[in-house]
Amino acid sequence: QVQLVESGGGLVQAGGSLRLSCAASGTIFSVSTVGWYRQAPGKQRELVASLTHYCSTDYADSVKDRFTISRDNAKKTVHLQMDSLKPEDTAIYYCNLRFYGTNYWGQGTQVTVSS
């Protein structure tokens, strides 16, 4: 069974930075796609960034050139470096791991960007 725990959220001013971290348990991390999703109040969950085990990345257009996803297979961690934050980035951010169609989710961490 896979468990994911996010951390690193908080309150920042527009233009600031945050680094989200996700600690994973389980045996399938290194062969799984990892990613970050976010959900703002009144909106559906949206993909922010993903990274496959073969190093293919996918970013939402709204965060390209500002956010960077990375992974450390040895430590079973996923990170999301968020720079130049905007108020519209405010949301709960969820860590995700996908293994052949099965999705695992963390509990979420709140990111609030003030202006």
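How much space lies in the largest pocket? I looked this up in a predicted model. The largest pocket holds about 200 Å³ of space.

**Entry: pocket lining**
I listed the lining next. There are 13 residues lining this pocket, and those closest to its centre are Arg38, Ala40, Lys43, Glu46 and Glu88. I then checked which elements contribute. Strand 4 (33-39) and strand 5 (46-51) are the elements that give two or more residues to the lining. I sorted the lining by class as well: 5 residues are charged, 4 are polar and 4 are nonpolar.

**Entry: the open sheet**
I moved on to a sheet. It is open, has 4 strands in the order 1-3-8-7, and pairs antiparallel. Strand 1 (3-7) and strand 7 (67-72) are its edges, each pairing on one side only. Ignoring direction, I found neighbouring strands turned by 15° against each other on average.

**Entry: strands 3 and 8**
I followed the pairing of strand 3 (residues 18-25) with strand 8 (residues 77-82). They run antiparallel and are joined by 6 bridges. Ser21 sits opposite His79 of strand 8.

**Entry: strands 7 and 8**
I looked at the other partner of strand 8. Strand 7 pairs with strand 8 in the antiparallel sense, over 6 bridges. Thr68 has Gln81 in strand 8 as its bridge partner. The two strands, 7 and 8, make a hairpin with 4 residues between them. In that turn, Lys76 has a positive phi of about 55°.

Which side chains of strand 7 are buried? I read off Phe67, Ile69 and Arg71, which point to one face. Thr68, Ser70 and Asp72 point to the other face and are not buried.

Note on methods: Residues are numbered from 1 along each chain as its sequence is written. This is a predicted model: local features need pLDDT of at least 70, side-chain atom pairs count only at pLDDT 80 or more; totals for chains, interfaces and linings use all residues. Side-chain values use heavy atoms; hydrogens and water are left out. On a 1 Å grid over the protein atoms alone, a cavity is a set of points where a 1.4 Å probe fits but cannot get out, and a pocket is an open set with protein on both sides within 12 Å along at least five of seven lines; lining residues have an atom within 4 Å of a point. Grid points are joined across faces, edges and corners, and a volume is the space filled by probe spheres set on the points. Ala, Val, Leu, Ile, Met, Phe, Trp, Tyr, Cys and Pro count as nonpolar, Asp, Glu, Lys and Arg as charged, and the others, Gly among them, as polar. Two strands pair if DSSP finds at least two bridges between them. Axes are lines fitted to C-alpha atoms, for helices over the stretch in contact, and angles run from 0 to 180 degrees between N-to-C directions. Buried means under 20% relative accessible area, exposed over 50%, partly exposed in between (1.4 Å probe, protein chains only).
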